[in-house]
Amino acid sequence: MSEQIVSDSVSAIKCTNCAAPLNILGGGRVSTVTCEYCHSVLDLNDNYAVLSKFEKVKRPLGPFKIGMRGNIKGVEWTIIGWVTYKTIEFSDEEWNEFFLYSPTHGYAWLVYEDGKISLSMKVRDFDLFSWKVKKPKTLFYKKGHYILDDESYMFYIDYVEGELNWVAKFGDKFTCWDYNGVGYRSLSIEKNINELEVFHTTKLNKKDIYSAFNLEYSSKSKTRKDETFSDDDESPSVFNINKIFFIMPLLLLILAFSSLFYSKTVYDTSYRTNQKENFSIDSSAFLTSIKISVSGVGTANNKLSLYKGDEKIFYIDKQKVFFIKKDIGKSWVSNAIAVTIYLKLDKGRYHFIGEKNPNQSITTVKIEQQVIRTNYLIYALILFVFLLSIPYFKERE
Amino acid sequence: MTDGFTVEKSINCPQCGDTLPLYFKHVKLVQCLSCKSTIFLENEATRLAGDSSVLAPEISLIHLNVPFGYEHKSYLPLGKIRYSYGRGFWEEWWLKDSEGNEYWLSIDEGDFVLEQKVDSRYSRELFNTLNVGQVTFDNLIVTETGMATCEGFEGALPKTVTKGDTYLYTHLSGKDASLTTLELGKDGVETYLGKWISPFDIKKVG
């Protein structure tokens, strides 16, 4: 493993507790530096007075070190600090955050958790006022949609080294609400005793970051925890959204395909004279279709009335159409020899009366129940894919 | 002409005679690019100031008289004032957009705030009572208070500043993530209204 330690723009001091040399790499907003030898937290705004001391002295494992420099998203960053956090509920859940400094872009965090690397930046333009009132399950920020990942959780500081622009003490507790969005992005709202802050985090390509910081990338550089997943793993939210993205169209396709076999014919007969027939609908699922087709001349005189008991619930001829539940609108097209009507019928016994000029034509009536209209499914599929692809392509832009 | 921004006026430095192009005619203070003299502009007349400031060069995304883009608009940085806060400093850049509107861009180590001056409705006495976390009468929350000391300036400015000048300032955050900055100087309270912007959203023009 090679590393590049910054050598310019550095002011050197000595730890006021143990006299170890300390390099100050950050800008004017850095307020504390934690000595890597004696773990004293020194106040840069008060002549390096010792503010506190960390009892834990074992440095966690991690690929990055203070002083390394690398280019992320076109900006040259220097690692100036290091904080390790642990969750209160599960003490083996820990992650490392490396504090970055750029003279042009300020401060950011390089987050290293379970082998995954992200860039986290504090956002100032988030509407915390509204969030505090509503604590919503879902929110929008800069055209991105974010969904609350489970409930809030608590974590604490377990290790600190180097410079920070705030005073960190061992055991300082935070409550965090994570909102996950598409494109490996998330928003974290963190609350401690003094502040409520919002961070926007973007997952980075591990190989690129190793290269940017002159670290050798190989399978050996993976930690024990890395072995459980690959770099191609997606964040939970993205995985969920992508699951929906792929599963929903699949379900719609399965539904469309199964509709071909799901429907059941309850009546299918041809007649030359007026006809009265009974039939039963034993399932109210989906729709009932009535297909009327006429062969020969005399299509204009075909009429069909549908009754439930004594009540006329449906009527159609070449001029008008009526259905008791809703206005169907257009009737049978005058020059068409067939028409299919889709009705939402309840379970029960029905009868229809077919009227026509005798012997001029053969009229066939076919009634099917549990019919799924595939054209609606195709429209739904196209609309669904279109709606879901909008944020995807925006993220790619 | 600088990518859509035109020189509205030119003057000659009373110290070295060099021509000074001004991209905004209502400039009150300008530093000569050649001899670094500070020049007051009063009623078409120019007058040398007693002291000139030379700021140490710093890495910045913004450069004098070099336009930049933000949210489909171009801005031209006309001048900047550097203020110190002890161990560090921040800079206030005076900008104009392509329509001639004036702005102030505050840059403090990656924290960018774009603001415009508005009519002030705050009293001088308010500064004696404001504390961080406090909510004002108009439902804004005080997020920062402090004192700024001018270290110097470069370029052109719409007001006169003197090295060593101090003023009190307060940041007030609104419900829609807006930011109001109050400044208490010798001329009373000035109010600026704007928003935080990301340095990643600042683009090169041309």
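# A walk through the strands and salt bridges

In chain A, Asn71(A) sits across from Glu76(A), a residue of β7(A). This is a good place to start a tour of the structure, which is a predicted model. Asn71(A) belongs to strand β6, residues 69-72 of chain A, where it shares the uncovered face with Arg69(A). The covered face of β6(A) is made by Gly70(A) and Ile72(A). The neighbour of β6(A) here is strand β7, residues 75-87 of chain A; the two run antiparallel and are joined by 4 bridges. Together β6(A) and β7(A) form a hairpin with 2 residues between them. If you look into the turn, you will find Lys73(A), which has a positive phi of about 55 degrees.

Let us move along chain A to an open sheet of 4 strands. Its order is β17-β25-β19-β23, and the pairing is antiparallel. The edges are taken by β17 (264-271) and β23 (338-343) of chain A; each has a single partner strand, so one side of each has no neighbour in the sheet. On average, neighbouring strands of this sheet are turned by 10 degrees against each other, direction ignored. One pairing to look at is that of β23(A) with strand β19, residues 287-296 of chain A, which is antiparallel and covers 6 bridges. Within β23(A), Val339(A) is the residue that stands opposite Ile292(A).

Chain A also has an open sheet of 5 strands, with the order β18-β24-β20-β21-β22 and antiparallel pairing. Here β18 (275-281) and β22 (321-323) of chain A are at the edges, each with a single partner strand, so one side of each is left without a neighbour in the sheet. The average turn between neighbouring strands of this sheet is 25 degrees, direction ignored. Inside the sheet, strand β20 (residues 303-308) and strand β21 (residues 311-316) of chain A run antiparallel and are joined by 5 bridges. One of the matched pairs is Leu306(A) with its bridge partner Phe314(A) in β21(A).

Chain A has helices too. Helix α3 of chain A spans residues 236-262 and holds Ile254(A). Is Ile254(A) buried or partly exposed? Ile254(A) is partly exposed, because its relative accessible area is 48%. Ile254(A) is also part of a nonpolar patch on the surface, formed with Ile247(A), Met248(A), Leu250(A) and Leu251(A). Together these residues have about 450 Å² of accessible area.

Now for the charged side chains. How many salt bridges does a search of the whole structure find? Over all chains, the search finds 19 salt bridges. In chain A, one of them brings together the side chains of Lys86(A) and Glu94(A), at 3.9 Å from N to O. Lys86(A) is buried, with a relative accessible area of 17%, whereas Glu94(A) is partly exposed at 25%. Chain A also holds a network of salt bridges that links Glu36(A), Arg59(A) and Glu161(A).

Chain B has salt bridges of its own. Asp97(B) and Lys73(B) form one, with their closest N and O atoms 3.1 Å apart. This pair links distant parts of the chain: Asp97(B) is in strand β8 (residues 89-97) of chain B and Lys73(B) is in strand β7 of chain B, 24 residues apart. Asp97(B) is buried, with a relative accessible area of 0%, while Lys73(B) counts as partly exposed at 26%. Another salt bridge joins Arg121(B) to Asp138(B), and there the closest N and O atoms are 3.2 Å apart. Both residues lie in the loop between β10 (111-118) and β11 (141-157) of chain B, 17 residues apart. Arg121(B) is exposed, with a relative accessible area of 57%, and Asp138(B) counts as buried at 18%.

Two last stops remain in chain B. Strand β7 (residues 73-84) of chain B contains Lys80(B), whose side chain is joined to that of Glu91(B) by a polar contact of 3.2 Å. Lys80(B) is buried, with a relative accessible area of 8%. Finally, Thr38(B) has its place in strand β4 (residues 38-42) of chain B. Thr38(B) is buried too, at a relative accessible area of 5%. Its C-alpha atom is separated by 9.8 Å from that of Pro14(B), which is 24 residues apart from Thr38(B) along the chain.

Terms used: Residues numbered from 1 in each chain as written. Chains lettered and ligands numbered in written order. Predicted model: local features only at pLDDT ≥ 70, side-chain atom pairs only at ≥ 80, totals over all residues. Heavy atoms only, no water. Pairing = 2+ DSSP bridges. Axes fitted to C-alpha atoms, helices over the stretch in contact; angles between N-to-C directions. Patch = residues over 30% accessible without salt bridge, like charges linked within 9 Å, V, L, I, M, F, W, Y side chains within 5 Å. Areas by Shrake-Rupley, 256 points an atom, 1.4 Å probe, with all protein chains shown as cover. Salt bridge = Lys/Arg side-chain N within 4 Å of Asp/Glu carboxyl O. Buried < 20%, exposed > 50% of the residue type's maximum accessible area, 1.4 Å probe, protein only. Polar contact = N/O pair within 3.5 Å; in protein donor to acceptor, adjacent residues only side chain to side chain.
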